[in-house]
Each structure stands twice: as C-alpha cells, then as structure tokens.
Amino acid sequence: MMDEREKSDPTVVAGKPAKSAAQAVGELVERRVGTEGNAGQDGTYRTPSRASVSPGLVRVRQAARERRKEKFTALLHHVDVALLGWSYGQLRKEAAAGVDGLTWDDYGEGLQARLVDLHARVHRGSYRAQPSRRQYIPKPDGRLRPLGIAAVEDKIVQRAVVEVLNAIYEEDFLGFSYGFRPGRSQHQALDAVAVGIERTAVNWIVDADITAFFDTMDHEWLIRFVEHRIGDARIVRLIRKWLKTGVMEDGEVKAGGLGTPQGAVISPLLANIYLHYVFDLWVDQWRRSQAQGNIIIVRYADDIVVGTKHRADAERLMAAMRDRLGRFGLTLHPEKTRLIEFGRFAAENHDRRGTGKPESFNFLGFTHICARNRNGRFFVKRKSRRDRARAKLREVKAELMRRRHEPTDEVGRWLQRVVTGWFNYHAVPYNRDALEAFRFHILEGWRRALRRRGQRDRTTWARITALAQRWLPQPRILHPWPFKRFAVIHPRWEPGASIGHAGFCAGGAW
C-alpha cells in the first residue's frame with residue numbers, strides 16, 4: 001500500500017514493477033553537470049548559473065532509491081519553465097548553431113516568451129525536434145569523428161529531461177560506471193584503475209573498446225531499457241523523437257535508424273542506460289558467479305578496463321563479452337581490444353621468459369605502464385599518450401602559423417589558455433617529463449611562427465624564453481596520488497583491508 005504522500009504526489013506513482021535485466025536479456029558537445037544548491041530551499045531553479053534542487057526531484061531520487069524495480073509514471077510535470085530556463089543557462093554559449101541557424105545569443109532575445117511557448121508545446125505534445133546538423137572533427141588517429149549539432153531549443157528540452165532522469169538513474173547506475181555522470185570525472189576513473197591494479201591481486205588486463213558505439217545502439221532495445229524505469233509515455237515519446245529525427249548533411253536529412261548523435265545533450269545519458277543493461281548489470285553478475293579470482297571493472301562510456309587475477313578468467317570474460325554485446329548489436333573493436341599481462345608480477349614474469357618489458361595500455365588519454373618507485377614498490381605509471389600529444393601540437397602549431405601576424409600579447413594569452421588546459425588534465429604524478437616536452441614544443445612552434453612573419457625577423461631563444469616566462473605556466477604536478485583521492489571519494493574503501501575477489505570493484509566497496 002502507498003502512504004498518503006505517495007497518493008498525493010504523482011512523481012512517485014510507480015506501482016508497476018519493471019522487467020529485470022535478465023528478462024530484457026564524451027569537442028563540440030554540451031557539458032553535462034549535476035544539480036547544485038540547497039535542497040531545503042523552496043522553489044526550483046534560481047538563476048541560469050546556480051540551481052537549487054527541486055523538491056520534486058528530491059522525492060523522485062528518494063523513490064528511485066527505495067523502490068528500484070518500479071516505474072515512474074508521471075515525470076514531465078517536472079519540466080517546467082524554471083527548469084527550461086536553467087537548462088538554457090547550462091548550454092555552451094559559444095557552441096555552433098543547429099539547422100535553424102540560431103545561436104545561444106540569438107535564442108536569448110525574448111527568452112522568457114520563448115521558454116513559455118516551448119513549455120506549452122512540450123506539454124501539449126506539439127513540440128517537434130529538428131534534425132541535428134552533421135559536423136566532423138578530426139580524431140588523433142587522423143580519422144574524422146561525426147558530431148550531431150542540435151538546435152538550441154532541442155538542447156534546452158534535452159538538458160531539462162536529463163536533469164529529471166538523472167534523479168532516477170543516478171540511483172541505479174553501478175559504482176564502476178564513470179562516464180558523463182554528475183559528480184564524476186575522467187580522473188576519478190583513472191584513479192579507480194590505478195588503485196584497483198596496485199592494491200588488489202590483478203595480473204591481467206582486458207582493455208576493451210566498443211566499435212562505433214554511439215552509431216550502432218539499437219533504438220528498440222534502448223527504448224525497452226528506458227521503459228524498465230520510465231512509465232511516463234510523454235518522456236518516452238520525447239526520447240523517440242530525438243532518436244528518429246535524423247541528421248542533416250549537405251542539405252539532405254538522413255533518418256536515424258541506429259545510434260544517437262555524438263554531441264547531443266541526451267546522448268551520454270542514453271549511452272549509459274544502454275550499457276547499464278547490456279554490460280554493467282551483466283558483468284557484475286558474471287564477476288560474482290563465474291570469476292575464480294579477483295576482478296576489477298572500470299567503464300567510462302564505451303571504454304572498458306577489466307583487471308583479473310587469473311588469465312583463464314580474462315579469456316572467458318572476453319569470450320562471454322563478445323557474445324553478450326553481439327546480442328544487442330554491438331561488437332568489440334578488433335584492434336583496440338586486447339588481453340595483456342599487467343600487474344605487480346608482470347615485469348618479473350617477462351624477465352624470466354625473456355620477452356622484454358610488459359605491455360602497456362591506453363585509457364582516457366594516458367598510457368599505463370608497470371613501474372616501481374625508489375623503494376622497489378610496484379605502481380602504475382601514467383604518461384600522456386604520445387599520439388594525443390602530437391596531434392594537439394600539430395593543431396596548435398597550425399593555429400600559430402595562422403595567427404603569426406597578430407599582436408604577440410594576444411597570441412600569448414591564447415597559448416596560456418591552451419597550455420593551462422593541457423596541464424590541468426595531464427599534470428599527474430610521474431608525468432612531469434611529458435609536460436615539459438609539451439611546453440618546449442609549444443615554444444618551438446611559437447618561435448618558428450614569429451620568424452615566419454618576415455625575412456628579417458630574428459626572434460631568438462632569449463626573446464622566446466622571456467615570452468614564455470610571461471605567458472606560459474611552468475610544468476608542475478597538480479593531481480594527487482590516485483589512492484589518496486580515491487580514499488577521500490570512497491571513504492568505505494580501506495587500503496589495508498582484506499579484500500575478497502567479489503568485495504572490491506573499482507569505483508567503491510560495498
């Protein structure tokens with residue numbers, strides 16, 4: 001029986017249990033941020049930049065936590081004018097325009113009237129999603145990544161729906177899922193990998209990548225997964241609209257049959273929902289029931305790292321993973337998916353066999369290497385990926401040549417932002433050499449660009465060094481050791497505790 005609050009609040013009408021998982025069987029993207037503010041204050045969203053958590057969404061989150069197998073049959077009323085206004089403020093102001101040609105600033109003219117009209121159309125069912133505009137950006141390997149640039153109005157509605165759905169799915173998603181989730185970051189995923197390998201019995205790494213994941217998600221499976229928890233047909237209808245609207249390329253609209261456009265605000269959440277049912281729940285059950293030794297798991301979007309104690313576990317898991325993903329239209333990338341020996345005994349085993357150094361693996365922009373500190377203790381050394389650094393340097397040097405006739409101070413301010421951004425992400429322990437190399441090559445590129453301004457230009461290293469001291473930050477380590485940050489974020493995990501093979505999964509203990 002439902003209590004009086006449940007009867008009066010349509011948010012928590014959830015009497016129909018969802019099907020279990022067994023029955024059912026990330027550039028120019030908009031940022032995704034979590035809710036902020038004081039949940040105790042009334043009202044919903046105060047300003048475009050700072051949000052108070054809606055009391056209604058607090059009740060949604062509580063209901064999702066307490067009744068994990070029930071559907072939410074009334075959610076669209078949470079998408080009100082205030083939430084739409086907050087969503088508009090969360091969008092990137094400099095993002096490219098969609099097919100309608102409207103930018104963030106353009107939409108802001110007469111914003112309140114636009115939002116009231118948008119709210120009315122969404123709630124009476126007359127809102128129509130527009131096709132995404134196809135745009136390509138270069139990838140580090142030289143290929144092009146297709147992005148879908150949605151119209152501002154579609155971004156606003158998607159961001160508002162994501163805010164509502166996050167209240168439910170953040171209670172459902174497992175601890176080893178890190179990609180595009182509020183309050184989680186790439187560095188938390190990196191910390192989880194390092195801590196899992198260093199502090200547990202891991203000897204083998206399955207480095208897995210799903211081929212063209214965002215382009216091959218099956219729409220019907222995705223809707224079935226959404227309907228496990230979402231019983232509000234209006235929300236499901238909105239998601240179907242965004243999936244089916246297609247993309248416009250060279251003036252022609254191509255219908256969306258598979259996948260979801262990279263760059264759409266809703267895409268990261270839909271990707272996490274899809275992999276939650278296809279991979280996360282399944283691998284968690286496999287780890288508990290099939291593994292013979294310790295297993296750690298970290299997933300960031302479609303990049304997956306699994307560590308095992310025994311090679312047999314890793315081999316069986318890879319075979320089972322291929323079969324599992326294949327049932328839902330997904331495949332493991334044949335070149336990027338590998339099984340390697342990696343861990344505290346990997347170097348000794350390779351020395352004994354005379355096979356050189358242990359292999360390394362790449363994850364989230366870093367190459368992970370087996371190493372030992374001065375005291376001989378094993379740790380996971382992380383270095384910036386060379387291919388990513390070279391690609392970034394090529395991009396910066398080309399831009400420097402284009403800007404070579406601009407005022408030096410203006411170029412210096414731009415380079416300061418570029419180098420600071422690179423350092424903010426890559427300044428992890430034992431990566432100082434890579435930071436210094438990156439800064440040096442930036443300086444060399446700047447010097448060459450200055451010398452190309454004219455035949456008589458004689459920019460010396462003394463001058464370029466003075467410019468560097470003025471504009472470019474010095475390399476220094478900004479991030480703490482992984483185990484320190486991991487222990488703060490996951491206080492239940494204790495480095496000295498005895499950890500059984502099913503008691504630890506990178507991302508938290510339970």
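Two strands count as paired here if DSSP finds at least two bridges between them. That matters straight away for S1 (residues 132–138) and S4 (residues 247–249), which run parallel and are joined by two bridges, with Arg-133 standing opposite Met-248 in S4. Bear in mind that this is a predicted model. Below is a quick tour of the strands, the nonpolar cores, one helix crossing and a few buried residues.

**The open sheet**

- S1 and S4 belong to an open sheet of four strands, ordered S2-S1-S4-S5, and the pairing in that sheet is mixed.
- At the edges sit S2 (144–149) and S5 (252–254), each of which pairs on one side only.
- From one strand to the next, the twist averages 45°.
- As general background, strands of a sheet pair through backbone hydrogen bonds, either parallel or antiparallel.

**Strand S3 and its partners**

- S3 covers residues 204–209, and because six of its six residues are buried, the strand is largely enclosed by the rest of the structure.
- Both of its faces are covered: one side has Trp-204, Val-206 and Ala-208, the other has Ile-205, Asp-207 and Asp-209, and all of these are buried.
- So the buried set takes in two aspartates, since Asp-207 and Asp-209 fall under the 20% relative accessible area that defines buried.
- S3 pairs with S7 (residues 303–308) in the antiparallel sense, over six bridges.
- S3 is also joined to S8 (residues 338–341) by four bridges, and this pair runs antiparallel too.
- Val-206 is a handy landmark for both pairings: it stands opposite Val-306 in S7 and opposite Leu-339 in S8.
- One position along, Asp-207 has Val-305 of S7 as its bridge partner.

**Strand S7 and the hairpin with S6**

- S7 is mostly covered, with five of its six residues buried.
- Besides S3, S7 pairs with S6 (residues 295–300): six bridges join the two, and they run antiparallel.
- Within that pairing, Arg-299 stands opposite Ile-304 in S7.
- S6 and S7 form a hairpin with two residues between the strands, and Ala-301 takes a positive phi near 55° there.

**Nonpolar cores**

- The largest nonpolar core has 81 residues, and the members that touch the most others are Ile-273 and Tyr-274.
- Helix H12 (residues 267–289) gives the most to this core, contributing 12 residues.
- Apart from that core lies another one of 29 residues, including Leu-190, Ala-194, Ile-296 and Phe-378.
- Back to Tyr-274: leaving aside neighbours within four places in sequence, its contacts are Phe-213, Met-217, Asp-218, Trp-221, Leu-222, Phe-225, Phe-328 and Leu-330.
- In general terms, nonpolar side chains tend to be buried together in soluble globular proteins.

**Helices H16 and H18**

- The axes of H16 and H18 (residues 461–471) come within 10 Å and cross at roughly 55°.
- That angle is outside the ranges for roughly parallel, antiparallel or perpendicular, so H16 and H18 are oblique to each other.
- The crossing of H16 and H18 is right-handed.
- On the H16 side the contact is made by Thr-408, Asp-409, Gly-412, Arg-413 and Gln-416, and on the H18 side by Arg-463, Leu-467, Arg-470 and Trp-471.

**Two buried residues in H16**

- Thr-408 is in H16, which spans residues 408–426.
- With 14% relative accessibility, Thr-408 counts as buried because the cut-off is under 20%.
- Not counting residues up to four places away in sequence, Thr-408 touches Trp-446, Arg-453, Arg-463 and Leu-467.
- Val-411 also lies in H16, and its relative accessible area of 4% makes it buried.
- Val-411 touches Leu-400, Arg-403, Glu-406 and Trp-446, again not counting residues up to four places away in sequence.
- Val-411 and Trp-446 are 35 residues apart along the chain, and their C-alpha atoms are separated by 9.1 Å.

**A buried glutamate in H7**

- Glu-153 sits in helix H7 (residues 152–172).
- Its relative accessibility is 13%, so Glu-153 counts as buried.
- Leaving aside neighbours within four places in sequence, Glu-153 is in contact with Tyr-107, Leu-118, Arg-121 and Tyr-127.

Technical notes
Residues numbered from 1 in each chain as written. Predicted model: local features only at pLDDT ≥ 70, side-chain atom pairs only at ≥ 80, totals over all residues. Heavy atoms only, no water. Buried < 20%, exposed > 50% of the residue type's maximum accessible area, 1.4 Å probe, protein only. Contact = heavy atoms within 4.5 Å. Core = buried A, V, L, I, M, F, W, Y, C linked by side-chain atoms within 4.5 Å. Axes fitted to C-alpha atoms, helices over the stretch in contact; angles between N-to-C directions. Parallel < 35°, antiparallel > 145°, perpendicular 65-115°, else oblique. Left-handed = near helix turned anticlockwise from the far one by under 90°.
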